[in-house]
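I sat down with this one and a fresh notebook page. Here is what I looked up, entry by entry.

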Amino acid sequence: MQINIRFFALLREQLGCEHIEFDYQGERTIAALRHTLAAHGDAWLALINGNTLAAINHTLCQDHAIISEGDEVAFFPPVTGG
Amino acid sequence: MTVFVAVQTDDFCQASEYDELRRNAGCGAIVTFCGLVRDLQSTTLSGMTLEHYPGMTEKALKDIAYKAKSRWELGAVHIIHRVGYLKPNAQIVFVGVASAHRAAAFSACEFIMDYLKNQAPFWKKEHTTEAEYWVASKDSDKVALARWEH
């Protein structure tokens with residue numbers, strides 16, 4: 001399935017990547033997607049080792065959340081606004 | 001309840017927001033909060049850049065406002081958050097809550113800031129004369145949020 005993945009802030013800089021359109025064939029959870037992406041290289045291990053948060057379609061979600069075709073998934077560090 | 005949410009590079013005027021909140025019929029109390037750029041680490045801070053996640057940010061702020069409404073009787077909530085480059089002492093965030101009674105307005109304003117600090121997708125990068133670095137999230141913000149989650 002095609003999904004759209006976005007990265008923000010420190011994570012975006014570490015990965016050198018802001019956005020990917022990804023043809024994902026794995027198990028449809030955030031946890032499984034994290035592991036698939038982590039195989040892309042050392043910097044990408046941040047997706048499974050750190051405290052990176054995830055959102056699906058603009059809503060924060062947990063690792064067991066389910067991803068569907070066409071979703072926008074985002075990964076980012078803990079937020080520091082306010 | 002009136003909910004107004006804005007994510008903008010422009011500065012805001014607290015007095016104008018207050019006047020707007022004051023128009024809310026039946027409100028006997030208004031509590032407002034402003035967050036400013038503070039020099040946290042040294043005296044060499046030249047400014048900070050606020051990044052956000054367009055689309056999610058506005059939704060997160062609205063969700064937080066409605067979450068507050070589900071706990072207290074509120075007449076109006078205004079949340080404004082600035083993004084982009086900001087200099088020391090610049091205004092970053094405004095939260096204004098109008099309610100019939102002060103207890104609800106005080107509590108809701110704190111509740112909204114605690115959720116905003118933990119769940120709204122903003123990230124601060126500080127610039128000093130020597131370096132630039134992303135601000136780390138604080139455990140004290142998580143503790144502040146935990147008191148509402150019972």
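**Salt bridges.** I began by fixing my terms: I count a salt bridge when a side-chain nitrogen of Lys or Arg lies within 4 Å of a carboxyl oxygen of Asp or Glu. I also kept in mind that this is a predicted model. Over all chains I found eleven salt bridges.

I looked up E13(A), which forms a salt bridge with K125(B), with the closest N and O atoms 2.6 Å apart. E13(A) sits in helix 1 (residues 9-15) of chain A and K125(B) in strand 7 (residues 122-128) of chain B, so this pair joins two chains. I checked the exposure of each partner: E13(A) is partly exposed, with a relative accessible area of 39%, while K125(B) is buried at 10%. I then noted that E13(A), K125(B) and E132(B) are linked in a network of salt bridges.

My next pair was R34(A) and D63(A), whose side chains meet in a salt bridge at 2.8 Å, N to O. This pair links distant parts of the chain, 29 residues apart: R34(A) is in helix 2 (residues 30-38) of chain A, and D63(A) is in the loop between strand 4 (59-61) and strand 5 (72-76) of chain A. I have R34(A) down as buried, with a relative accessible area of 8%, and D63(A) as partly exposed, with 35%.

**Helix 4 of chain B.** Here I found K142(B) in a salt bridge with D139(B), the closest N and O atoms being 3.6 Å apart. The two are three residues apart in helix 4 of chain B, so about one helical turn separates them. K142(B) is partly exposed at 46% relative accessible area, and D139(B) counts as exposed at 56%.

D141(B) is also in this helix, which covers residues 139-146. Which side chain of opposite charge is nearest to D141(B)? I found K138(B), 4.5 Å away; D141(B) is buried yet has no salt bridge. That distance misses the cut-off, because a salt bridge needs the atoms within 4 Å. Not counting residues up to four places away in sequence, D141(B) touches K117(B) and N118(B).

**Strand 4 of chain B.** I asked how many residues of this strand are buried. The count is nine of the nine, so the strand is largely enclosed by the rest of the structure. I followed its pairing both ways. Strand 1 (residues 2-8) of chain B pairs with strand 4 of chain B in the parallel sense over seven bridges, and V3(B) stands opposite V77(B) there. Strand 6 of chain B runs antiparallel to strand 4 of chain B, and seven bridges join them. H78(B) has G96(B) in strand 6 as its bridge partner.

**Cores.** The largest nonpolar core has 36 residues, and among those with the most contacts inside it are W72(B), I79(B), V97(B) and L116(B). Elements giving two or more residues to this core include strand 2 (29-36), strand 3 (45-52) and helix 2 of chain B. Helix 3 of chain B gives the largest share, nine residues. I looked at L116(B) in detail: leaving aside neighbours within four places in sequence, its contacts include V79(A), G81(A) and G82(A) as well as L61(B) and I64(B). I also logged a second, separate core of 23 residues, which includes I5(A), C17(A), F22(A) and I67(A).

**Helix 2 of chain B.** Last entry: this helix (residues 56-71) has 16 residues and reaches 23 Å from its first C-alpha to its last, close to the 22 Å expected. Its buried residues include M56(B), A60(B), L61(B) and I64(B).

Note on methods: Residues are numbered from 1 along each chain as its sequence is written. Chains are lettered from A and ligands numbered from 1 in the order in which they are written. This is a predicted model: local features need pLDDT of at least 70, side-chain atom pairs count only at pLDDT 80 or more; totals for chains, interfaces and linings use all residues. Side-chain values use heavy atoms; hydrogens and water are left out. Helices (H or I, at least four residues) and strands (E, at least two) are DSSP runs, numbered from the N terminus. The expected span of a helix is 1.5 Å times one less than its number of residues. Buried means under 20% relative accessible area, exposed over 50%, partly exposed in between (1.4 Å probe, protein chains only). A nonpolar core is a set of buried Ala, Val, Leu, Ile, Met, Phe, Trp, Tyr and Cys residues joined through side-chain atoms within 4.5 Å. Contact means heavy atoms within 4.5 Å. Lys and Arg count as positive and Asp and Glu as negative; His and the chain ends are not counted. Two strands pair if DSSP finds at least two bridges between them.
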